[in-house]
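I opened my notebook for a fresh look at this one. My plan was to follow whatever caught my eye and write down each thing I looked up.

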Amino acid sequence: MRSLSENWQRVVILLAVFLLCIGCSNTPSVSNNPWKVITLPTESNLQDIAFTDNNHGWLVGSKATLLETTDGGETWQPIALDLGEQNYLFSSVSFTGQEGWIVGEPALLLHTTDGGKSWEQIPLSEKLPGNPNTVVALGANSAEMTTDVGAIYRTTDSGRTWKAMVQEAVGIVRNIARAADGSYLAVSAKGNFYSIWKPGQEAWEGHNRNSSRRVQNMGFAPDGRLWMLARGGQVQFSKQDNLNEWEEAKYPEFSTSWGLLDLAYRTPEEIWVAGGSGNLLCSFDGGKTWQKDRDVESVPSNLYKIVFLSPKKGFIVGQRGILLKYQESSATA
């Protein structure tokens, strides 16, 4: 009995030491916090942000939330649209100049040609597979729209008609991203595989995940590589000469970064990763080493999406009306 009791004591001690170790992060801190919390007149979950020019921008989110700024994102005003009693989720917004688009669910498409002074609701076919998920403004009267099952459509007549770019949808997706060359990358709802589509292909090309960890999000790096966020705080990049091969996985902060949600490049070498519970990490060497922005840990929000409109202008949108604005003057490695 004494031996059994001693063994249990050892187990308890080892477990306590383990929990203490994982509760302490040894990830170094960034020397300065470049992110400013912007107060918004909403507690909705924000989804996307876009600008018509350097000062005029739009935020969208749940509960038909639409916010407008005319001072570069310092202050925002709510805009009410007459959309009936339906409680829409605005999931994506995009502008080229004064022409803009908003999509959401249940199936919703809004279009403006005057910088958002007026919005027209454009009917969508009842046969549309899934709900609109993302939209990208491509120029005069032109845009691409995806749905939450991986359908891709393009319009060149202000949304009156749409051409299907793929013959079949890929299935319910967790995330979908678009590259500058028009390629798309979609992560399956369960995070067990991802698919790539390139302009001219008739169908998506499926790829199995490269580890046992479920994929959380993926996207395109500026140099053409792919990046991947997986469960357990894993960050990984594909090899530049072969997108089907992956470099060794990195764990920027093993103890607390299991909920990484999005990644964005400010410059070719400076990368930011955001996640749950105000988790924000940065690499100044292209993902080789990582630092943590601990000043943001107190922000009571999951940080959903990072958008850099330029190296000097960036935002992070989050849960419960949280918006962070990048302040270049205080950002140092």
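**Entry 1: a charge over a ring.** I began with lysine 313, whose charged end sits over the ring of phenylalanine 51 at 4.5 Å from the ring centre. I kept in mind that this is a predicted model.

**Entry 2: the ring underneath.** I then asked how far phenylalanine 51 is covered, and found a relative accessible area of 12%; that is under 20%, so phenylalanine 51 counts as buried. Phenylalanine 315 is also on my list as buried, with a relative accessible area of 0%. The ring centres of phenylalanine 51 and phenylalanine 315 are 5.5 Å apart. Their planes meet at 20°, which is under 30 degrees, so I noted the pair as stacked. Which strands hold the two rings? I found phenylalanine 51 in strand E2 (residues 46–51) and phenylalanine 315 in strand E27 (residues 313–318), so the pair ties together parts that are 264 residues apart in sequence.

**Entry 3: more aromatic pairs.** Next I searched the whole structure and got 12 aromatic pairs. One of them joins tryptophan 35 and tyrosine 326, edge-to-face, with 5.4 Å centre to centre and 70° between the planes. Tryptophan 35 belongs to strand E1 (residues 35–38) and tyrosine 326 to strand E28 (residues 323–326), so this pair links parts that are 291 residues apart in sequence. Are these two residues buried or exposed? I wrote down buried for both tryptophan 35 and tyrosine 326. I also saw that Trp35 and Tyr326 form one aromatic cluster with Trp272 and Phe308.

**Entry 4: an open sheet.** I moved on to a sheet of four strands, which is open, pairs antiparallel and runs in the order E6-E7-E8-E9. Strand E6 (89–96) and strand E9 (120–121) are at its edges with a single partner strand each, so one side of each has no neighbour in the sheet. Inside that order, I counted five bridges between strand E7 (residues 99–105) and strand E8 (residues 108–112), in the antiparallel sense. Glycine 104 is opposite leucine 108 in E8.

**Entry 5: the whole chain.** I finished by zooming out. The protein chain has one helix and 28 strands, and 48% of its 333 residues count as buried. Among its contacts with a separation of 6 or more, 44% are between residues 24 or more positions apart. For the surface, I noted about 16100 Å² exposed, with carbon and sulfur atoms supplying 50% of it.

Conventions: Residues numbered from 1 in each chain as written. Predicted model: local features only at pLDDT ≥ 70, side-chain atom pairs only at ≥ 80, totals over all residues. Heavy atoms only, no water. Helix = DSSP H or I, 4+ residues; strand = E, 2+ residues; numbered from the N terminus. Buried < 20%, exposed > 50% of the residue type's maximum accessible area, 1.4 Å probe, protein only. Contact = heavy atoms within 4.5 Å. Areas by Shrake-Rupley, 256 points an atom, 1.4 Å probe, with all protein chains shown as cover. Pairing = 2+ DSSP bridges. Phe/Tyr/Trp six-rings, centres within 6.5 Å; stacked < 30°, edge-to-face > 60°. Lys NZ or Arg CZ within 6 Å of the ring centre and 35° of its normal.
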